[in-house]
Amino acid sequence: NKGLGPLLEAIAMLPSARLLVIGDGPERRAMEALSKKWNIDKRVVFVGWLPTQDDVIRVIRSAKVFVMNSKSEGGPRVALEAMAAGMPVIVTKVGVMPDTIVDEENGLFTTGSAQDLAAQIKTLLGNHALCEHLSSNARRILDRFEKRKLIADYADFLQLLL
């Protein structure tokens, strides 16, 4: 569901790119084997679960680009957290992403295919100005999801039900 296979394939197409995978799950061993098969295991690090949200944000901020290639998501919260941390993001059109991302304004959309992921990653890694633009605009997600605003919006919605 997380689309890690195509992302690993994309990394294999980009000889200078490295990947840091946060999280764990039943497919981890298969994905590690795939990275060895494609001879990218020296450029892919599987860190597993991180103990705190601060650890997750610290590791996300250590990257140049954040990629969320999920096939389906409820949120996804992690993409919103990456945006709030000022990361240029590449995401699939799942969950709230179609309502949150304006392509090439505060993030980039991907089809999720290895070829498209490789193209989007290559674009960002080669275009510092675009990264800065996306990063600056991504931080504005905090305005949209600010707690008081969300509560007020929800209260207004509930008033409509009366």
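How many bridges join strand 1 (residues 19-22) to strand 2, and in which direction do the two strands run relative to each other? There are 4 bridges, and the strands run parallel. Keep in mind as you explore that this is a predicted model. The protein chain holds 9 helices and 5 strands, and here is a short tour, starting with the whole chain and then zooming in on that strand pair.

**The whole chain**
- Following the sequence, you will meet helices (α) and strands (β) in the pattern α-β-α-β-α-β-α-β-α-β-α-α-α-α.
- The radius of gyration is 17 Å, close to the 15 Å that the globule rule gives for 162 residues, so the protein chain is as compact as a globular protein of that length.
- The C-alpha trace spans about 60 × 35 × 30 Å along its principal axes.

**Inside and outside**
- Of the 162 residues in the protein chain, 41% are buried.
- The accessible surface comes to about 9800 Å², and carbon and sulfur atoms contribute 55% of it.
- Among contacts with a separation of 6 or more, 59% are between residues 24 or more positions apart.

**Strands 1 and 2 up close**
- Together with helix 2 (residues 28-37), strands 1 and 2 form a right-handed β-α-β unit.
- Within this strand pair, look for I22, which stands opposite G48 in strand 2.
- In a regular strand, side chains alternate between the two faces of the sheet.
- You can follow that alternation along strand 2 (residues 44-48): V44, F46 and G48 point to one face and are buried, while V45 and V47 point to the other face and are not buried.

Key:
Residues are numbered from 1 along each chain as its sequence is written. This is a predicted model: local features need pLDDT of at least 70, side-chain atom pairs count only at pLDDT 80 or more; totals for chains, interfaces and linings use all residues. Side-chain values use heavy atoms; hydrogens and water are left out. Buried means under 20% relative accessible area, exposed over 50%, partly exposed in between (1.4 Å probe, protein chains only). Two strands pair if DSSP finds at least two bridges between them. A crossover is right-handed if, with the strands pointing away from the viewer, the path from the first strand over the helix to the second runs clockwise. The radius of gyration is taken over C-alpha atoms; the globule rule is 2.2 Å times the number of residues to the power 0.38. Contact means heavy atoms within 4.5 Å. Accessible areas come from the Shrake-Rupley method with a 1.4 Å probe; for residues, only the protein chains shown count as cover.
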